[in-house]
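Me: I would like a close look at one part of this structure, explained at the level of a first-year student. Please describe how its pieces are arranged and what lies next to what.

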Amino acid sequence: MGRHAKSIDSQILSRVLSAAPGTVLTPRYFMDLGSREAIDQALSRHARAGTLRRLARGLYDLPRTHPLLGELAASADDIATALKGRDAMRVQPSGAYAANILGLSDQVPMRIVMLTDGPSRRVKVGNREIVLKHTTLRNMATAGRASGLVIQALRWLRKENVDDKVVATLRRNLKPEDKATLLADAHLAPAWISAIFHRLAPPKR
């Protein structure tokens, strides 16, 4: 290994070790340090050495460990954040994944779909598939807020399956500030979901 390669290796290692456990990294995170080829080679070396864990092609993480469970799987949110890179694009959990986050489903889907206003992408990580799916600006109007999560979860459940039990679960799991967000964003939701937002909103004093 030449002097320049060693320098890139050491700089990458320093940046990796300064990251929090669970951080998901792509080569783009290190592009200021050298060529893509040199960075790819350095990341592969660190993965073979066990400093990094290779999740998929061009996707690594600094694994979190549990005293009993050992290395934990990388979170879908962290993977999506890494995939979107430093671009100003947004992501919004959708479908079964949104329902799981809100406690409306116990099943963690193997195919996790997140809506985005950026380009569509997909990556296979172990037995999971993380999908970034390009969608309309209207669907992203509530991205990153509780209202967006609830809209996507209820759309997945469908109107005929949303009963008092579902409403009670949302009322229990949403924070007061989240419920206030629902009321503010009610005009951005389909009419039947907007009605549920008003049922969940905090009572006026």
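Reply: The model discussed here is predicted. A small example of pairing serves as an introduction: strand S3, residues 59-61, runs antiparallel to S2, and three bridges link the two. Within this pair, Arg53 has Asp61 of S3 opposite it. S2 and S3 belong to an open sheet of three strands, ordered S1-S3-S2, in which the pairing is antiparallel. Its edges are strand S1 (24-25) and strand S2 (53-56), each of which pairs on one side only. As a general principle, the strands of a sheet pair through backbone hydrogen bonds, in either a parallel or an antiparallel manner.

The part to be examined closely is another sheet. Four strands make up this open sheet, in the order S6-S7-S9-S8, and its pairing is mixed. Strand S6 (91-93) and strand S8 (121-125) are the edge strands, each with pairing on one side only. On average, neighbouring strands in this sheet are turned against each other by 25 degrees, with direction ignored.

What does "mixed" look like in particular pairs of this sheet? S6 and S7 run antiparallel and are joined by three bridges; here Val91 stands opposite Thr116 in S7. Strand S7 (residues 111-116) and strand S9 (residues 128-134), by contrast, pair in the parallel sense, over six bridges. Along this parallel pair, Met114 has Leu132 of S9 opposite it, and Arg111 has Glu129 of S9 as its bridge partner. S7 itself is mostly covered, with five of its six residues buried.

One loop of the sheet deserves attention. Asn127 is located in the loop between S8 and S9. Is this residue buried or exposed? Its relative accessibility is 55%, and the category "exposed" begins over 50%, so Asn127 counts as exposed. Although Asn127 and Arg111 are 16 residues apart along the chain, a distance of 8.8 Å separates their C-alpha atoms.

Which helices lie across the strands of this sheet? Helix H3 (residues 76-84) lies across S6, S7, S8 and S9, and its direction makes an angle of about 50 degrees with S9. H5 lies across S6 and S7, running at about 50 degrees to S6.

H5 leads from the sheet to a further group of helices. The axis of helix H5 (residues 146-157) comes within 8 Å of that of helix H7 (residues 176-184), and the two cross at roughly 75 degrees. Because an angle from 65 to 115 degrees falls in the perpendicular class, H5 is described as roughly perpendicular to H7. On the H5 side, the contact is made by Ala146, Ser147 and Val150; on the H7 side, by Asp178, Thr181 and Leu182. Sorted by character, the residues of this contact comprise three nonpolar, two polar and one charged.

H5 and H7 also take part in covering another helix. Helix H8 (residues 191-200) has Ile193, Ser194, Ile196, Phe197 and Leu200 buried. These residues are on the same side of H8, because they cover an arc of only 160 degrees around its axis. Among the elements that cover them are H5, helix H6 (164-173) and H7.

In summary, H5 is a useful element to follow by eye: H5 lies across S6 and S7 of the four-stranded sheet, crosses H7, and helps to cover the buried residues of H8.

Methods. Residues numbered from 1 in each chain as written. Predicted model: local features only at pLDDT ≥ 70, side-chain atom pairs only at ≥ 80, totals over all residues. Heavy atoms only, no water. Pairing = 2+ DSSP bridges. Axes fitted to C-alpha atoms, helices over the stretch in contact; angles between N-to-C directions. Parallel < 35°, antiparallel > 145°, perpendicular 65-115°, else oblique. Contact = heavy atoms within 4.5 Å. Nonpolar A, V, L, I, M, F, W, Y, C, P; charged D, E, K, R; others polar. Buried < 20%, exposed > 50% of the residue type's maximum accessible area, 1.4 Å probe, protein only. Arc of directions from axis to C-beta.
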